[in-house]
Amino acid sequence: MTPRHRGCPRPHGRARAAAHATLAALALAACLHPAPAQAAPWTDTVGVIGTTLGAATVPAPATFTCAGLGLGSVRFTWSAVAGATSYTVAYDGGAGSVTTTGTSVDLAGLLNGGTAWVRAHVAYPSVTWSSVPSTTRTYTFVVVSLCG
């Protein structure tokens, strides 16, 4: 038996059917006119054309090497990443960085050794995606004195 509030008569017959029909109509109206969508905090304001969405990641370069070029100079070389439009090499433990479109960079005038890594970047019309850092390389400069 359905509980009733005191003083409220229980609807019978046609009144009960009318109440159910009203509730069904309100539920249908809510489905036909949903509340307007609200933007998520990560929404990009760029218009989307089409109905297919995709996801992708930018991989880090598979290889990252270094070679000494002379006193205080080093060359970093890495493998290309498909679709990459630029690369950033961080050196001196991340204190310095240089961005290039090629797959190698020469750094000169370095006084200390350190660690380095590279990130690949893919530019899209409204945003640039970056890879995680590659494996790190440690470089060291040794000063040699020759006496004769």
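**Note on the strands, pairs and surface of this model**

1. Strand E3 is joined to strand E6 (residues 114–123) by five bridges, and the two run antiparallel. Within this pairing, Thr-88 stands opposite Arg-119 of E6. Please keep in mind that this is a predicted model.

2. E3 has a second partner. Strand E4 (residues 96–100) pairs with E3 over five bridges, in the antiparallel sense. Here Tyr-91 of E3 faces Gly-96 of E4 as its opposite number.

3. How enclosed is strand E3 by the rest of the structure? E3 spans residues 86–91, and six of its six residues are buried, so the strand is largely enclosed by the rest of the structure. The cover applies to both faces. In a regular strand, side chains alternate between the two faces of the sheet. On one side of E3 sit Ser-86, Thr-88 and Ala-90, all buried. On the other sit Tyr-87, Val-89 and Tyr-91, also all buried.

4. The turn after E3 deserves a look. E3 and E4 form a hairpin, with four residues between them. Asp-92 is in this turn, in the loop between E3 and E4. Its phi is near 55 degrees, a positive value in a residue other than glycine. Most residues other than glycine have a negative phi. Asp-92 is partly exposed, with a relative accessible area of 39%.

5. Next, the open sheet. Three strands form it, in the order E1-E2-E5, with antiparallel pairing. Strand E1 (64–70) and E5 stand at the edges. Each has a single partner strand, so one side of each is left without a neighbour in the sheet. On average, neighbouring strands of this sheet are turned by 20 degrees against each other, direction ignored.

6. The pairings in that sheet can be followed residue by residue. E1 and E2 pair over six bridges, antiparallel. The bridge partner of Phe-64 is Trp-78 in E2. E2 and E5 are joined by four bridges and run antiparallel. In this pairing, Val-74 stands opposite Leu-107 of E5.

7. Which residues make up the covered face of E5, and which the uncovered one? Val-105 and Leu-107 form the covered face. Ser-104 and Asp-106 form the uncovered face. Asp-106 is partly exposed, at 42% relative accessible area.

8. Asp-106 matters for the next point too. How many salt bridges does a search of the whole structure find? It finds one. The side chains of Asp-106 and Arg-75 meet in it, at 2.6 Å from N to O. Asp-106 lies in strand E5 (residues 104–107) and Arg-75 in strand E2 (residues 73–78), so the pair ties together parts that are 31 residues apart in sequence. Side chains of opposite charge can pair when their charged atoms come close. Arg-75 counts as partly exposed, at 35% relative accessibility.

9. Now the aromatic residues. The structure holds five aromatic pairs. The rings of Trp-78 and Tyr-87 have centres 5.6 Å apart and planes at 55 degrees, so this pair is tilted. Both Trp-78 and Tyr-87 are buried. Tyr-124 and Trp-129 form another aromatic pair, this one edge-to-face, with 5.3 Å centre to centre and 65 degrees between the planes.

10. Trp-78 and Tyr-87 also belong to a cluster. Ring pairs link them with Phe-64, Phe-76 and Tyr-139. Two members of the cluster, Phe-64 and Trp-78, are bridge partners as well. Tyr-87 is one of the buried residues of E3.

11. The last point is on the surface. Which residues form a nonpolar patch there? Tyr-124, Val-127 and Trp-129 do, with about 260 Å² of accessible area together. Val-127 lies in the loop between E6 and strand E7 (128–130). Val-127 counts as partly exposed, at 34% relative accessibility. Tyr-124 counts as partly exposed, at 39%. Trp-129 is partly exposed, with a relative accessible area of 34%. Within the patch, Tyr-124 and Trp-129 are the edge-to-face pair described above.

Conventions
Residues numbered from 1 in each chain as written. Predicted model: local features only at pLDDT ≥ 70, side-chain atom pairs only at ≥ 80, totals over all residues. Heavy atoms only, no water. Buried < 20%, exposed > 50% of the residue type's maximum accessible area, 1.4 Å probe, protein only. Pairing = 2+ DSSP bridges. Salt bridge = Lys/Arg side-chain N within 4 Å of Asp/Glu carboxyl O. Patch = residues over 30% accessible without salt bridge, like charges linked within 9 Å, V, L, I, M, F, W, Y side chains within 5 Å. Areas by Shrake-Rupley, 256 points an atom, 1.4 Å probe, with all protein chains shown as cover. Phe/Tyr/Trp six-rings, centres within 6.5 Å; stacked < 30°, edge-to-face > 60°. Axes fitted to C-alpha atoms, helices over the stretch in contact; angles between N-to-C directions.
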